[in-house]
Amino acid sequence: MTRSVPPHQPSFDGRAAATGDGEAPASPQDAVRTPGSGSTAVGSHPRPASAAAGASGQDELPVVRVNDESKVTRVDTGQLEAVPEAGGRFSSWRARRRAAREEDTGQSAGVPGAEEDSDGTTVVRLPRSAHQRRRRRRLLTLLVSLLLLIALVLLVFFSPLFATRTIDVQGATLTDPQKVEEALSGFQGVPMTRISKQDVKDSVGDVPQVKSVDVAFQPPHTISVQLHERVGVAAVEDGSSVVLVDSEGKPLSSVPAERRPDVPLVDGGTKVLSTPQFQAISDVLATLPADVLARLESAAAPSGSTVELTMKDGPTVVWGDASDSEVKAQVVATLMNSDEVSNSTVVDVSAPLHPVVK
């Protein structure tokens, strides 16, 4: 026996029982609660076309109203109200932004320079601002200046434009110019911008006859070297030769004994050059007047502190130590030019205020 289901009761499979009009009831899931009432409006889901064609001419499921869950009646669809959108300033701002974005997207389709990203968004490349253009010009200017500076450095310091080709040596009397040129040969072909004056002086400093050097660069290819040679003040015996030395005892040249320069001969040979005796003799020779120095034959320091000078055509001068050398030099010059010492053999000026002539 078939069990009857009241019209207002749902079936066991979740659907309402068929009505007397042959219309299928709506499912509870299709219920839409209308605002302002305690009832729920129920409508049918749209069916596929195939299903609608085989529905034996039946219309769509009607919209019904459920009152108190006890009675089902038709509802007028004109009474349904649309759910209002969320209000407030934020929603209005979003709507305006969305509308403006859609309008800009539509207008940018014909704007030159517009690009489309991978997500379909159209991006319009705006022109650079004045600040950006100035910054770009500054960067370009800086880059060009840097490139020009690098090119200038390479040209001046590494190109043959200022390469050394001529070394002019002047003031060589005791010095062999060939030796100086050999000492400076390492600078040939090197740009003068990479050579310092001190480099040239250090190279020429290996030449013993040179005491100091003045260097002048004459672009584009010439280095001028002015030599200041050491002055030979004495000579020492070295076997059959004599060695010309300066006031510091530095050897300058070696010549045969018969060609000895016109300078005093210091007793003791080359061994005396590094002793205090030679320094005492050198100090005495430096204070003698030129006319007395020209008449001097030899000098010696037999006791280490007492200096003796032998004249070519006169007596031996006992100088004593190096104290009061300027006064002693004046006394010796005066006595050598007088007739009092013409027949004497010894002139003692160790006590310059009381000279003794023997």
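# Salt bridges and burial: worked exercises

R260 has a relative accessibility of 26%, so it counts as partly exposed. The model used here is predicted.

**Exercise 1.** Find the salt-bridge partner of R260, then place both residues in the fold.

*Solution.*
- Step 1: R260 pairs with E297 in a salt bridge, with the closest N and O atoms 3.9 Å apart.
- Step 2: E297 sits in strand β14, while R260 sits in the loop between β12 and β13 (265–266), so the bridge ties together parts that are 37 residues apart in sequence.
- Step 3: E297 has a relative accessibility of 30%; buried needs under 20% and exposed needs over 50%. E297 is therefore partly exposed.

**Exercise 2.** Classify D262 and K312 as buried, partly exposed or exposed, and describe the salt bridge they form.

*Solution.*
- Step 1: D262 has a relative accessible area of 62%, so it is exposed.
- Step 2: K312 has 44%, so it is partly exposed.
- Step 3: The closest N and O atoms of this salt bridge are 3.1 Å apart.
- Step 4: K312 lies in the loop between β15 (307–311) and β16 (316–320), and D262 in the loop between β12 and β13, so parts that are 50 residues apart in sequence are tied together.

**Exercise 3.** How many salt bridges does the whole structure hold? Describe the one between D246 and R230.

*Solution.*
- Step 1: The search finds five salt bridges.
- Step 2: In the bridge between the side chains of D246 and R230, the N to O distance is 3.0 Å.
- Step 3: D246 is in the loop between β11 (241–245) and β12 (251–256), and R230 is in the loop between β9 (222–229) and β10 (234–238), so the pair links parts that are 16 residues apart in sequence.
- Step 4: D246 is at 3% relative accessibility, so it counts as buried. R230, at 13%, also counts as buried.
- Step 5: Widen the view. R230, D246 and E248 are linked in a network of salt bridges.

**Exercise 4.** Is S298 buried or exposed? Is E326 buried or exposed? Locate each residue.

*Solution.*
- Step 1: S298 belongs to strand β14 (residues 296–300). Its relative accessibility is 15%, so it counts as buried.
- Step 2: Leave aside neighbours within four places in sequence. S298 then contacts P264, L265, E308, L309 and T310.
- Step 3: E326 belongs to helix α8 (residues 325–336). Its relative accessibility is 63%, so it counts as exposed.
- Step 4: The C-alpha atoms of E326 and A286 are 9.8 Å apart, with their positions 40 residues apart along the chain.

Notes. Residues are numbered from 1 along each chain as its sequence is written. This is a predicted model: local features need pLDDT of at least 70, side-chain atom pairs count only at pLDDT 80 or more; totals for chains, interfaces and linings use all residues. Side-chain values use heavy atoms; hydrogens and water are left out. Helices (H or I, at least four residues) and strands (E, at least two) are DSSP runs, numbered from the N terminus. Buried means under 20% relative accessible area, exposed over 50%, partly exposed in between (1.4 Å probe, protein chains only). Contact means heavy atoms within 4.5 Å. A salt bridge is a side-chain nitrogen of Lys or Arg within 4 Å of a carboxyl oxygen of Asp or Glu.
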